[in-house]
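Student: Could you pick one part of this model and take me through it slowly? I'd like to know where it sits and what it touches, and then how the helices elsewhere in the chain pack.

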Amino acid sequence: MAIKIDWSVYPDRERRSAFTERLTPESPLRSAGVTIPDVKALAKKLDDDDIEIVFIEDVILKGIIIASKKEPFSEKTRGLERYYPLITSWMMTDTVAPMLYIGKADREEAYRYFLSMSESSAPMTARFALVTLMSKFLSSDTVHAIMDRAVNVKSDSYLLKMGVAWLTATCYTKYPEETIGHFRKLDGDVKKMAKQKCRDSRRVSEEWKVFLSEI
C-alpha cells in the first residue's frame, strides 16, 4: 500500500502553499505548503518510494528517494522511468535531478543515458535530463556534446526552452570559448532567454557579456 504523507504537521502551510502554487502554475497538483529542506529531511527517513501522490511535494519526495538510492545505475533507471511520467513542474526536475547518486563506475553509462534522454519527446523528461547533464556531468570535456544536444531540442514547451536557456547560460559562464559557437545555433526564443540569463549573471565577465550582442 502506498505511503500517505501527513504534511499537516508542518507549520505555516497555507502561506507556503500559495507561494509554491504561484511559482508552479503549470502543475495540476496543489502544494502541501512544505519547504524543500523539510521534504529532503523527510526523504532521509524513508526507504520506500511508493508514495501516494496528492501534492507537488509528494512527487518531489518520491523523486528524491529514487535519486538518492545508492544502487547500480541499471537499477536506478527503472525507478527514474517510473518517475518521469509524474513530473509536471520545473520544481520537480530542478530539485530532484541534482540529487542523483551516480557511482563512479556507472558515470559513463549514466552520461550516455542522459544524453539520450535529453532527446525525449516528453518535455519534462528532456528537461530532467538536461538539468542532470548540467549538474552532474558538465566539464571542458563534455560541454560540446552536451550543447550539441541542447541546440537540437525543438519544442513548444516554455519550461523545456527555459531549461535549454539555463543550461546554455551555465555552459557560457563556465566555458565561454567552447560555448559561443553553440550559442549561435539556438532558436530565437531560447537564445534570447539564454542571453538574458548571462547578462544577469555576476559570474559572466563584462568582456564575455559584450560578445552576446554579436551573437
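Tutor: Let's look at Ile215, in the segment after α12 (206-212). Helices here are DSSP runs of H or I with at least four residues, strands are E runs of at least two, and both are numbered from the N terminus. Bear in mind that this is a predicted model: local features need pLDDT of at least 70, side-chain atom pairs count only at pLDDT 80 or more, and totals for chains, interfaces and linings use all residues. Residues are numbered from 1 along each chain as its sequence is written, and side-chain values use heavy atoms, with hydrogens and water left out.

Ile215 has a relative accessible area of 16%, so it counts as buried. The cut-offs are under 20% for buried and over 50% for exposed, with partly exposed in between, using a 1.4 Å probe and protein chains only. Leave out residues up to four places away in sequence, and Ile215 touches Ile180, Phe183, Arg184, Lys191 and Lys195; contact means heavy atoms within 4.5 Å. Ser140 is 75 residues from Ile215 along the chain, and their C-alpha atoms are separated by 21 Å.

Two of those partners, Lys191 and Lys195, take us to helix α11 (residues 188-200), which packs against helix α9 (residues 158-174) at an angle of about 45°, with the axes 8 Å apart. Axes are lines fitted to C-alpha atoms, for helices over the stretch in contact, and angles run from 0 to 180 degrees between N-to-C directions. α9 and α11 are therefore oblique to each other; under 35 degrees counts as roughly parallel, over 145 as roughly antiparallel, 65 to 115 as roughly perpendicular, and the rest as oblique. Their crossing is right-handed, which applies when the near helix is turned clockwise from the far one by less than a right angle; anticlockwise makes it left-handed. On the α9 side, the contact uses Tyr158, Lys161, Met162, Val164, Ala165, Trp166, Thr168, Ala169 and Tyr172, and on the α11 side Asp189, Val190, Met193, Ala194, Lys197 and Cys198. By class, that makes eleven nonpolar, one polar and three charged residues. Nonpolar covers Ala, Val, Leu, Ile, Met, Phe, Trp, Tyr, Cys and Pro, charged covers Asp, Glu, Lys and Arg, and the others, Gly among them, are polar.

α9 has another partner, α8 (143-151). The two pack at about 155°, with axes 10 Å apart, and are therefore roughly antiparallel. This crossing is left-handed. Val143, Ile146, Met147 and Ala150 of α8 meet Val164, Leu167, Thr168 and Cys171 of α9, giving seven nonpolar, one polar and no charged residues.

From α8 we can step to helix α6 (residues 107-117), whose buried residues are Ala110, Tyr111, Tyr113, Phe114, Leu115 and Met117. What covers them includes α4, α7 (123-137) and α8. Phe114 is worth a pause: of the 71 residues in the largest nonpolar core, it is one of the four that touch the most other members, along with Trp7, Leu61 and Phe128. Such a core is a set of buried Ala, Val, Leu, Ile, Met, Phe, Trp, Tyr and Cys residues joined through side-chain atoms within 4.5 Å. Leaving aside neighbours within four places in sequence, the contacts of Phe114 include Phe73, Leu80, Ile102, Phe128 and Phe137.

Ile102 lies in the loop between α5 (90-96) and α6, and at 13% relative accessibility it counts as buried. Besides Phe114, Ile102 touches Arg107, Ala110 and Phe137, not counting residues up to four places away.

Over in α7, Thr125 also counts as buried, at 6% relative accessibility. Beyond four places in sequence, Thr125 touches Tyr84, Met117 and Ser120.

Last, α4. The axes of helix α3 (residues 56-68) and helix α4 (residues 73-83) come within 9 Å and cross at roughly 165°, so α3 and α4 are roughly antiparallel. The crossing is left-handed. Val59, Ile60, Lys62, Gly63, Ile66, Ala67 and Ser68 in α3 meet Lys76, Gly79, Leu80, Arg82 and Tyr83 in α4. The split here is six nonpolar, three polar and three charged.
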